Amino acid sequence: MNQHELEILGELYLKDKNLSKMTLRAYRGALRFYVTYLHKHQITYATTADIIRYKAYRKSLGHSAAYIYINFSFLKGFYRYLKTNARKLNLPVAYQYDVMAPIKNQSLTHHIHKRILTKEEARYLILKTKEIRESIWQYRDHAIIFLMLTSGIRPFEINHLKRSNYQIVGGKQILYIEVNGRFDETSFVKVSKGTKKAIDEYLMLRGDHNPYLFISHRYTSKTGILSRSFFQHMFKRLLKDVAFKELKITAHVLVHTAAIINLKRGGSLVSTQVFMRHKEISSTKVYEDYLYKMSDQSSEALDAFILREEMNFDDQKVISDWLLLEDIETYLSLG
């Protein structure tokens, strides 16, 4: 089978973009699948009608909405790139028209499917990981848990944190988050006092010159960066150590928990968006919707109505009893 022109152009496009390894792998898969479809149907220059048929084909295979969304996000950016660079790359006239322009990528509806930690569970996790510290990796794990629960920072972002990202600016301890491998002064999280103490205690035990803020103390990679599977193994072991094994949660649950706790403590939707560094408010609203659903009393009301019993209105105090506190760390410190 002869190589399709888009295979070469696709690699040019991906090299031109500064993508994370995970996104690059997903986009390469999208390119490979798309080119295979073009080969199968003997299409050299796809039209908008061809793209519509391709989308229907992907749906017919039973792929998830999220998977299709990623694939068509790639195609939208790819064809936009071809149109913009058609003359520069001396491409055929067919590429001077963006065939993806009339096609709207289906927006994703986000839901929280995983269990969220309660305030008491989050507090216990912080205090227990501190209590059991003996080895240097336990100091590291405690600092990571504290950081995730009070900043909303994501596991893959932690993997790439460097010591140089850990800075004091305007008297505040902050952590700069690298975006697609680039240092961005506008992307950072504030570090709470308790988290700072946990990180500093961990760093004091380090006698190495590794540039990364958190490292593996068992298997050291050539670059010093934590492996992709680090959180999977670390968190599984940690849950066992603190007797939370039955929860069967992943480290990413801590990210969701941070957002929920910020809303529970009285944080607004907008402040939570800023805190979580969400580009779209819709991403943050998922957490508000989750809280609303969890506090909704419809089930109890229907139960009472059907059985002609009065509701226990003490159960309706879930939202009204939230306290407006200074920050998440203060909220977690209360019993």
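**Exercise 1.** In this predicted model, decide whether Phe74 is buried or exposed, and then do the same for Tyr27.

*Solution.* Phe74 has a relative accessible area of 0%, and because buried means under 20%, Phe74 is buried. Tyr27 has a relative accessible area of 15%, so by that cut-off Tyr27 is buried as well.

**Exercise 2.** Work out what kind of aromatic pair Tyr27 and Phe74 form, and which parts of the chain this pair ties together.

*Solution.* Begin with the geometry: the ring centres of Tyr27 and Phe74 are 5.5 Å apart and their planes stand at 50 degrees, so the pair is tilted. Next, place the residues: Tyr27 belongs to helix 2 (residues 21-40) and Phe74 to helix 4, so the pair links parts that are 47 residues apart in sequence. Tyr34 and Tyr79 make an edge-to-face pair, with 6.3 Å from centre to centre and 85 degrees between the planes. Here Tyr34 lies in helix 2 and Tyr79 in helix 4, so parts 45 residues apart in sequence are tied together.

**Exercise 3.** Determine how helix 1 and helix 4 are oriented to each other, and which residues make their contact.

*Solution.* The axes of helix 1 (residues 5-16) and helix 4 (residues 65-84) come within 10 Å and cross at roughly 95 degrees. Since angles of 65 to 115 degrees count as roughly perpendicular, the two helices are roughly perpendicular to each other. Among the residues in contact are Leu6, Leu9 and Tyr13 of helix 1, together with Phe74, Phe78 and Tyr81 of helix 4. Sorted by class, this contact has 10 nonpolar, two polar and one charged residues.

How values were computed. Residues are numbered from 1 along each chain as its sequence is written. This is a predicted model: local features need pLDDT of at least 70, side-chain atom pairs count only at pLDDT 80 or more; totals for chains, interfaces and linings use all residues. Side-chain values use heavy atoms; hydrogens and water are left out. Axes are lines fitted to C-alpha atoms, for helices over the stretch in contact, and angles run from 0 to 180 degrees between N-to-C directions. Helices (H or I, at least four residues) and strands (E, at least two) are DSSP runs, numbered from the N terminus. Angles under 35 degrees count as roughly parallel, over 145 as roughly antiparallel, 65 to 115 as roughly perpendicular and the rest as oblique. Contact means heavy atoms within 4.5 Å. Ala, Val, Leu, Ile, Met, Phe, Trp, Tyr, Cys and Pro count as nonpolar, Asp, Glu, Lys and Arg as charged, and the others, Gly among them, as polar. Rings of Phe, Tyr and Trp (its six-membered ring) pair if their centres lie within 6.5 Å; planes under 30 degrees apart count as stacked, over 60 as edge-to-face and the rest as tilted. Buried means under 20% relative accessible area, exposed over 50%, partly exposed in between (1.4 Å probe, protein chains only).
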